[in-house]
Amino acid sequence: IAYIAKSGEVTEDLLESLKADKSFAENTARLLQKRSIRVDPIEGLKPEDNLKIAMLKEILQVTDDLERVLKASEGINWQNRQETATFYRTFIKPTASDWIDKLRYNSMLSSINTHIINTSSNWQGTGILLPIQKTIEGAIDKVLSLGSSVAGKSRPRTRYTQEGFEYTKGFYSPTAWKKAWGNLAQVVKGTLQVEHPDLRQVPLAPQGGIKGGIEKSLDIFGRLLVAMDVFARTLAESGLERSYGYRVARGIKIPALGTRIKTEAETLLFRGDLRREGQGVISDLIGAGGQAVNRLRYSDNTPLRWGAKFSFPFIRTGTELVKAGLEGNPITGSLNMIGNQDKIAQGAKLVMGGAVIFVAGLMAGAGRLTAWEPADPTKKLAFRTAKKLPWSMRLDAPGGGQVDVEFSKLHPLIAFQLGMVAAVTQVLREQRMNEDKIEVVGNAITRSLQ
């Protein structure tokens, strides 16, 4: 199937292969998750070719007329969002549930605060934290190599501190930014497929008209969010290409480098797979939980399906946020070493998370971290009069005065550690370390990220 799909055209051989694929016929509901979750991409294929296969597989579930499918697919540019959507909707009509989801997501994404948080977190993760992590990874690798030499063993280098600097140069290069702005503009216009397109992003009314106009108005905020993600991903991929290029130039082989770069960039923006083997026992556990909730969102049981949809609208992003926060925590991050295929990267995250906790401790001692509002009415009034914000840190403003920065506007690796320290500090100050307050400390993991 992959070989035939590389031709770039829909052929009778491709359709017959897909139709004859019994494992697909038997497992399509599981793989496609009720027409809402992308199938696993075939390695080595372009994103548009994987999208083509996903579309054709689903179309062949509703029609056996191969000639009609062939005719409808003639001349399609699979990189063009409008053309692929028109082809898909010729056979797969949108349901009332699809329109309800469109309306719900528009409502949730219309807040300017959502876009500020998304843009800020994207930049922090890809433009600041990752080059630091790459540098720390190189330092850890150097120490391990020196240690093996002292022990009389020879351990080859697997990465270098210079990779952090190389990533920074690639990320902030004028060429990368020009490409990023161009990709952003195309996403906003609707002419560019996203890097990993899937069936959830197929327009409901590509034919235009009244329905098309309604959909465009409902897509504005969602498209802006995707555009900013594509912008950040373009820069991250440029940085990763340069960073890994430095490693490869020193004789270190990296299998499937192109796929690795795209997967890593996607994960950085919290759009990775819910669960991937080898991320570590904690991340695997969180991912498995995300998968379980996601299955409920497409359950045949209507109450379960709608309950899960409304309770967990962004399960993929939420799962990745929790993973990022826990991977940087000294306790959960250390446990995540178990079963982790990249222990050096996990070690670097531990170092970064530990540094955040150290600084957070100093800030807490100076009274600059805040968790929840005081329960006492008098203290609550004083809290609000001082214009303090819950779950925030107070910083000195450049022009004088002070400003509160909410944890939710920070990358989860930072926000989680700040929230934990703020919660523990506030509990100790209130001197009520009972079971209820211990539970509050535990809940800080989610509240600090909201």
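Trainee: Which residues are linked with K102 in a network of salt bridges?
Mentor: K102 is linked with E215 and D219. A salt bridge here is a side-chain nitrogen of Lys or Arg within 4 Å of a carboxyl oxygen of Asp or Glu. Keep in mind that this is a predicted model, where local features need pLDDT of at least 70, side-chain atom pairs count only at pLDDT 80 or more, and totals for chains, interfaces and linings use all residues. Residues are numbered from 1 along each chain as its sequence is written, and side-chain values use heavy atoms, with hydrogens and water left out.

Trainee: OK, and how many salt bridges does the count come to?
Mentor: By that rule, 20 salt bridges.

Trainee: What does K134 pair with?
Mentor: With E264, and the closest N and O atoms are 3.3 Å apart. K134 lies in helix α8 and E264 in helix α12 (residues 257-268), so this pair ties together parts that are 130 residues apart in sequence. Helices are DSSP runs of H or I with at least four residues, strands are runs of E with at least two, and both are numbered from the N terminus.

Trainee: Is K134 buried or exposed?
Mentor: K134 is buried, since its relative accessible area is 3%. The cut-offs are under 20% for buried, over 50% for exposed, and partly exposed in between, with a 1.4 Å probe and protein chains only.

Trainee: What about D141, which residue does that one bridge to?
Mentor: To R155, with the closest N and O atoms 2.8 Å apart. D141 is in helix α8 and R155 in the loop between α8 and α9, 14 residues apart. D141 is buried at 0% relative accessible area, while R155 counts as partly exposed at 25%.

Trainee: And where do K349 and E327 sit?
Mentor: K349 is in helix α17 (residues 343-365) and E327 in helix α15 (residues 315-327), 22 residues apart. Their side chains meet in a salt bridge of 3.0 Å, N to O. E327 counts as buried, given its 9% relative accessibility.

Trainee: Back to α8. At what angle do α8 and α9 pack?
Mentor: About 155°, with the axes 7 Å apart; α8 covers residues 112-150. Axes are lines fitted to C-alpha atoms, for helices over the stretch in contact, and angles run from 0 to 180 degrees between N-to-C directions. That makes α8 roughly antiparallel to α9. For the wording, angles under 35 degrees are roughly parallel, over 145 roughly antiparallel, 65 to 115 roughly perpendicular, and the rest oblique.

Trainee: Which residues meet there?
Mentor: From α8, T126, G127, L130, P131, K134 and T135; from α9, E163, G164, Y167, T168 and F171. Contact means heavy atoms within 4.5 Å.

Trainee: New topic: where is Y172 found?
Mentor: In the loop between α9 (162-171) and α10 (174-189). Y172 is partly exposed, with a relative accessible area of 36%. Together with W123, I128 and I132, Y172 forms a nonpolar surface patch with about 360 Å² of accessible area.

Trainee: And L60, buried or exposed?
Mentor: L60 counts as buried, at 9% relative accessibility. You'll find L60 in the loop between α4 (47-59) and α5 (66-73). The C-alpha atoms of L60 and F91 are 9.1 Å apart, and the two residues are 31 apart along the chain.

Trainee: Last one: how many helices and strands does the protein have?
Mentor: 20 helices and three strands. Of the 450 residues, 45% count as buried.

Definitions and conventions: Patch = residues over 30% accessible without salt bridge, like charges linked within 9 Å, V, L, I, M, F, W, Y side chains within 5 Å. Areas by Shrake-Rupley, 256 points an atom, 1.4 Å probe, with all protein chains shown as cover.
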